[in-house]
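Hi there,

Here is the structure I promised to pass on to you. Please have a look at it first, and then read on for my notes.

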Amino acid sequence: MKLNELDAFLKERLAIGDFPFDVSLNGVQVACSDKEIRKIGFAVDASLATIKAAAEQECDMLFVHHGLFWGKPLAVSGPHYERIRTLIGSDTALYACHLPLDAHPVYGNNAQMAMALGMREYDMFGMYHGSMIGVKGNLPFEMSLEEVCGLLGFSENTGLRTLPFGKEKVKSVGIISGGGGDDVWQAVNDGLDLYITGEISHQNFHEALEDHISVIAGGHYQSETYGVKAVLRMLMGELGIEGVFLPWPTAL
């Protein structure tokens, strides 16, 4: 499959056009030559480390959640130059999918975490610029925060922080991956037992404490490995394209 064909497939499958307010340049950020895309690397971030890893593994494209372009001009110099130079030098395309990969009801970070928790049904949750980007629903049975963290692979090594200010056992859950700490109020408004995100800030502590809700922040990176891995599995299964996940955890 050529890059333009894969681009069209992903834009349709991941509903990339539904998020015109996303500051990420979703889609092809750096093209490659007119070759067949036979192997794709998948990573959370388009860092020099993951770009080099994709080149070393002879990937034709690198698919990431966090790309290189965020809504403003950026001089092609310093580390930014090195990233682009390495992509072009290895003839590796770069493909980014930010908010569409958070919000997708099947392949998204939040939906995939809900599935990992055994949530058979869930609704969209977490309003952002008029669109829902998270999910909410009920666990198959009441769980402790430790059990929830275990199912999601959250630990001190991933940057886990918990605010155990609600029920000892939780059932109803809202999930927004990444830096969603400031959206805890949406979980409070919906009367949920638990709010799951990637990272929280100092100001979220008293907000959660006073609203008697528990919060799990499992690490920005860890919470956003789910979507890229889901797309990897989908492309391998449906298109027969070889895929490899390129881990580069930050513990943040």
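Below is what I found, from the whole chain down to a few single residues.

First, please keep in mind that this is a predicted model. The protein has ten helices and eleven strands. Its 252 residues would give a radius of gyration near 18 Å if they formed a compact globule, and the protein has 18 Å, so the two agree. Along the principal axes, the C-alpha atoms fill a box of roughly 55 × 40 × 35 Å. Of the 252 residues, 52% count as buried, and the accessible surface comes to about 11600 Å², with 53% of that area belonging to carbon and sulfur atoms. If you take the contacts between residues at least 6 apart in sequence, 66% of them join residues at least 24 apart.

The strands are where I spent most of my time, beginning with the five-stranded sheet. This one is open, has mixed pairing and follows the order 1-4-3-2-11. Strand 1 and strand 11 (242-245) are its edge strands, each pairing on one side only. On average, neighbouring strands here are turned by 30° against each other, direction ignored.

Two of the pairings in this sheet are worth following in your viewer. Strand 1 runs antiparallel to strand 4 (residues 93-96), and three bridges join them; Val28 stands opposite Tyr95 of strand 4 there. Strand 2 and strand 3, by contrast, are parallel to each other and pair over five bridges, with Gly41 opposite Leu62 in strand 3. How much of strand 3 (residues 61-66) is covered? Six of its six residues are buried.

Now for the six-stranded sheet. It is also open and mixed, with the strands in the order 5-6-8-9-10-7. Strand 5 (122-128) and strand 7 (161-163) stand at the edges with a single partner strand each, so one side of each has no neighbour in the sheet. From one strand to the next, the twist averages 25°.

Strand 10 (residues 214-217) is a good place to zoom in, and its two pairings run in opposite senses: parallel with strand 9 (residues 194-197), over four bridges, and antiparallel with strand 7, over three. You can check both with single residues: Ile196 has Ile216 of strand 10 as its bridge partner, while the partner of Arg161 in strand 10 is Ala217. And are the faces of strand 10 covered or open? Both are covered, with Ser214 and Ile216 buried on one side and Val215 and Ala217 buried on the other.

A helix also packs onto this sheet region. Helix 5 (residues 109-116) lies across strand 5, strand 6 (131-143) and strand 8 (170-175), and runs at about 5° to strand 6.

Finally, two loop residues that I looked at one by one. Lys35 lies in the loop between strand 1 (27-30) and strand 2 (39-45). What does its side chain reach at 2.6 Å? The side chain of Lys35 reaches the backbone oxygen of Asp91 at that distance. Leaving aside residues up to four places away in sequence, Lys35 touches Met1, Lys2, Leu3, Asp60 and Asp91.

Ser90 is in the loop between helix 3 (78-89) and strand 4. Why does Ser90 count as partly exposed? Its relative accessible area is 27%, and the class covers values between the 20% limit for buried and the 50% limit for exposed. The side chain of Ser90 reaches the backbone oxygen of Leu87 at 3.3 Å. For a sense of the span of the model, the C-alpha atoms of Ser90 and Gln203 are separated by 44 Å, with their positions 113 residues apart along the chain.

If you only have a few minutes, I would start with strand 10 and its two partners, strand 9 and strand 7, and then go over to the loop that holds Lys35.

Best wishes, and enjoy the structure!

Key. Residues numbered from 1 in each chain as written. Predicted model: local features only at pLDDT ≥ 70, side-chain atom pairs only at ≥ 80, totals over all residues. Heavy atoms only, no water. Pairing = 2+ DSSP bridges. Axes fitted to C-alpha atoms, helices over the stretch in contact; angles between N-to-C directions. Contact = heavy atoms within 4.5 Å. Rg over C-alpha atoms; globule rule 2.2 N^0.38 Å. Buried < 20%, exposed > 50% of the residue type's maximum accessible area, 1.4 Å probe, protein only. Areas by Shrake-Rupley, 256 points an atom, 1.4 Å probe, with all protein chains shown as cover. Polar contact = N/O pair within 3.5 Å; in protein donor to acceptor, adjacent residues only side chain to side chain.
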